[in-house]
Amino acid sequence: MRGVFEAERRAVVTGAAGGIGRAMACAFAARGMRVVVSDLPGEALDATAQACGGLAVPADFARPDAAEALREAALARLGGVEVVCANHVTRAGRGFASQEAWRAAFEVNFWGVAEVCRAFLPALEAAEGPRALATTGSK
C-alpha cells in the first residue's frame, strides 16, 4: 500500500507563507509530492510556492468563499488531493482586548479552518489510498 506522503501524491497547505505551513509544503515537495500553497497574498506566499514548485493561491480565510475558491484552484491544478493541512491562523487585534478582535480571530481560526475541512472532504473521500487531513496553527 502506498503511503500518504509519497511522490506524486497531492497536498494543499494553508498558512504556507511561513512557519509550520511553509515547512510542511517544502517537506512534501522534497518527497516529490505536488503542492498547492495558500495564505494571504504577498511575497512570502510567492516565495514558498517558488521554493516548493507549487501553485500559490492567495486567500483570506476570514471570507466565507475562500475555502471553496482554494478547492477549485487546487483541484484544477492537481486533479485531486490526498493531503490537506489547514494551518492558517490569525492573531487579529493582538492581545484580544476587544470583543471585535476575538470575533475576527474566531472567524479565521475556527470557521476558516472548518470551511477548508468541509470544502476538501469530498475530494479526500474520492481519493484512492491513504489520505490525511490535519489542522494546526503556527503563529
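Okay, let's start near the beginning of the chain, with Glu8, which is exposed at a relative accessible area of 54%. Glu8 sits in the segment before strand S1, and S1 covers 10–14. One thing to look at there is the backbone: phi of Glu8 is near 75°, a positive value in a residue other than glycine. And before I go on, please keep in mind that this is a predicted model.

Next up, the inside. Which residues have the most contacts within the largest nonpolar core? Those are Val12, Val36, Leu70, Val81, Val116 and Phe120, in a core of 20 residues. The elements giving two or more residues to that core are helix H3, at 66–78, plus S4 and H4. H4 supplies the largest share, with seven residues. If you want one residue to click on, try Val116. Leaving aside neighbours within four places in sequence, Val116 touches Thr14, Phe61, Ala67, Val84, Ala86 and His88. There's also a second, separate core, this one of 15 residues, and among them are Ala25, Met33, Val35 and Val83.

Staying with H4 for a moment, let's go to Glu100, which is found in that helix. Buried or exposed? Glu100 counts as exposed, because its relative accessibility is 69%. For a sense of distance, take Glu100 and Phe61: they are 39 residues apart along the chain, and their C-alpha atoms are separated by 17 Å.

Just ahead of H4 there's a loop that connects from strand S4, residues 83–86, to helix H4, residues 99–126, and Asn87 is in that loop. Asn87 is buried, with a relative accessible area of 1%. So what does the Asn87 side chain have beside it? A polar atom of that side chain lies 3.2 Å from the backbone oxygen of Gly15.

Now helix H2, residues 43–52. Its buried residues are Leu45, Thr48, Ala49 and Cys52. If you look down the axis of H2, those buried residues fall within an arc of 95°, so they line one face of the helix. Turn to the face pointing away from the buried side, and you'll see the exposed residues Glu43 and Gln50. And what covers the buried residues of H2? The cover includes helix H1 at 19–30, strand S2 at 34–39 and strand S3 at 55–58. Just after H2 comes Gly53, with a positive phi of about 65°.

Last topic, the cysteines. A disulfide is a covalent bond between the sulfur atoms of two cysteines. How many disulfides does a search of the whole structure find? Zero. Take Cys52, which we just met in H2: Cys52 is in no disulfide, and the nearest cysteine sulfur, belonging to Cys26, is 5.2 Å away. Cys52 is buried, at 11% relative accessible area. Then there's Cys117. Why no bond there? Because the closest cysteine sulfur, in Cys85, is 10 Å from the sulfur of Cys117, which is too far for a bond. Cys117 is buried as well, with a relative accessible area of 14%.

That's the tour. If you take one picture away, take H2, with its buried residues lining one face and Glu43 and Gln50 exposed on the face turned away from them. Thanks, everyone.

Definitions and conventions:
Residues numbered from 1 in each chain as written. Predicted model: local features only at pLDDT ≥ 70, side-chain atom pairs only at ≥ 80, totals over all residues. Heavy atoms only, no water. Helix = DSSP H or I, 4+ residues; strand = E, 2+ residues; numbered from the N terminus. Buried < 20%, exposed > 50% of the residue type's maximum accessible area, 1.4 Å probe, protein only. Polar contact = N/O pair within 3.5 Å; in protein donor to acceptor, adjacent residues only side chain to side chain. Disulfide = S-S within 2.5 Å. Core = buried A, V, L, I, M, F, W, Y, C linked by side-chain atoms within 4.5 Å. Contact = heavy atoms within 4.5 Å. Arc of directions from axis to C-beta.
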